[in-house]
Amino acid sequence: MLSNNQLYVLVAPACITALGGLLGLCWLIQRRSLFLLWTACGLVLTGIGLSWQSIIPKAELSRWAVYTGAIYLAGAWFCTLGVAHKFSVSAFPKTSAVVSALVLAILYQNSAVQDSIAVRTLWLNLGLGIIHFLPFPAIVRRPASKDRLERLLYWSYGLFAIYTMLRPAMVLVLGFTELKDMTVSIYWLVTMLGSLLFSLLFSGLLLIVAMRDATLVLRDERNHDSLTGLLNRRAFWEAAEKLNQQPGVGPVSILIGDIDHFKQVNDNWGHEYGDMVLKAVARAMLESVRSEDLVARFGGEEFVLLLTRSDLETAEQVAQRIRAKVSASGYVQQPGQGVTMSFGVASLAFDANLRQVVSAADRLLYQAKESGRDQVAVEPLFAPVAMA
Ligand SMILES: Nc1nc2c(ncn2[C@@H]2O[C@H](COP(=O)(O)OP(=O)(O)OP(=O)(O)O)[C@@H](O)[C@H]2O)c(=O)[nH]1
C-alpha cells in the first residue's frame, strides 16, 4: 500500500507524464514538429522514473538505482534530442552515450559495493545535466535569432541543465542525514518541484512555438505556389496593392512572361520535365530582380513580375535578361530547339490602378506571341484611365 506521503509526491511525476502525453498527442494530431514527439518521450520517461523512485521503499532505492538511473538518462536524452531537433543542431548522441555508460557504471559500482545515496545523487545529476547541456553552446552560437519565444525556450532549457548539474550541491547544504533518513526528503521535494516547474514552462513554450510554426507554414502554403515557391495570384495582388500604396516605389512596371509552346514541352518530354522547366524559369526570374520586387506564378506557365523603381526601359532589360537566361538554361522544347519565353511589359509612373497595367502587359504578351514568340513586347508609358 502507498502511504499518503508517497501519494502526495506522485502528483508531480503524474503531471510531468501527463504533459509528455499532451505533447505526444499534439504531435500525433499535426505530424509536423518532430521535436514535440522527442520531448514527449523525454517527459514521459522522466515522469516514470520519478514515480518509480517515489513509491519504492528507501531501503530498496540502492537495488534499483541502475534501472531508475537508466530511465532518467534516457528521458534526458530524449529531451535533448527534442531541443536539438527544434534548433537544428546535433544532440551529441555519442557523447551522451559515453556519459550515460559512465554514470550507469558508477551507479552499479555504488549500489553493489558501497551504498552511498549522496554519491549516486551527485553523479546521476551531473550526468543528466551534461546530457541536457550538450546542444546548448551550439544553439547559442547560431546566428542571433530575433524570435523572443525561441530565445526564451533555449535559455530556460540551458538554465534547467545548469540547475540539474548544481542540484547535488543542495545535498551539501541539507546534509547527508536528511537525505538518508527522511521518508520524503526536502531534496526529493525540491527535485520534484524543479522538474515539474521546468516541464510546465518548457512544454508550454514548446506548444506555443509548435502552434506558431504551424500557422506560419499554413500562411506560407496559402501564399505560395507549391511547385516553384513563388507567390500565387492572390498573394501577389495582396502584396502588390500594399506596395503600390507606399510612397517612393514608382515608377512601377509589370512584366508578364509565358513559356512558348509549353504544351509541346510536356508532350515531348513528360510532365516531370515540364515541372523542372517551370522551376528553372522561376529561378531565372528570382535571380534577375531585387528582393523588394514581386515574382508570382499566376498558374500554368504564366508568370507575373512587379518591379518597383523601374521605368519601362529598365523593365524591358529585365525581361530580356530573363528571356536570355531561360534560352541558355539547357532545357529544350523539342530536339535542337531550346525553351523560349515571351513577355509583355507595361510601366506606370502615376498612382493609378495596377490591374490596368497588368491588363496592358497581358495584351502586349499576346502581341509578342502573335509576332512569333521568343520576344519582349513593350509599349510607351501606360497612363491611368478610369475603370469602366
Ligand atoms: N508540367 C506542368 N505543366 C503544366 C502545369 N500547369 C499547366 N501545365 C501545362 O501547360 C500547358 C499550357 O499549354 P497552352 O496553354 O496550350 O500554351 P502553350 O503550349 O505554352 O502555347 P503558347 O502559350 O501559345 O506558346 C498545358 O499543356 C498544361 O497542361 C504544371 O504545373 N506543370
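Me: How do the residues of the shell around the ligand divide into nonpolar, polar and charged?

Reply: In this predicted model, the shell around the ligand comprises 4 nonpolar, 5 polar and 6 charged residues. Of the 15 residues around the ligand, the nearest are Asp-260, Phe-262, Lys-263, Gly-274 and Gly-300. Strand 1 (252–259), helix 13 (262–269) and helix 14 (271–288) each give two or more residues to this shell.

Me: Which element provides the largest share of the shell around the ligand?

Reply: Helix 14 does, with 4 residues.

Me: What is the strand order of the open sheet?

Reply: Strands of a sheet pair through backbone hydrogen bonds, in either a parallel or an antiparallel manner. Here, an open sheet of 5 strands follows the order 2-3-1-6-7, and its pairing is mixed. Strand 2 (294–299) and strand 7 (376–378) are the edge strands, each pairing on one side only. From one strand to the next, the twist averages 20°. Strand 6 (residues 341–348) and strand 7 run parallel and are joined by 3 bridges; Phe-343 has Val-376 in strand 7 as its bridge partner.

Me: Which strands does helix 15 touch where it packs on the sheet?

Reply: Helix 15 (residues 312–327) touches strand 1, strand 3, strand 6 and strand 7, and its direction makes about 165° with that of strand 6.

Me: At what angle do helix 4 and helix 5 pack?

Reply: Two packed helices are described by the angle between their axes and the distance between the axes. Helix 4 (residues 65–86) and helix 5 (residues 93–112) pack at about 165°, with axes 9 Å apart. The two helices are therefore roughly antiparallel to each other, and the crossing of helix 4 and helix 5 is right-handed.

Technical notes: Residues numbered from 1 in each chain as written. Predicted model: local features only at pLDDT ≥ 70, side-chain atom pairs only at ≥ 80, totals over all residues. Axes fitted to C-alpha atoms, helices over the stretch in contact; angles between N-to-C directions. Parallel < 35°, antiparallel > 145°, perpendicular 65-115°, else oblique. Left-handed = near helix turned anticlockwise from the far one by under 90°. Near = placed C-beta within 6 Å. Nonpolar A, V, L, I, M, F, W, Y, C, P; charged D, E, K, R; others polar. Pairing = 2+ DSSP bridges. Contact = placed C-beta atoms within 7 Å.
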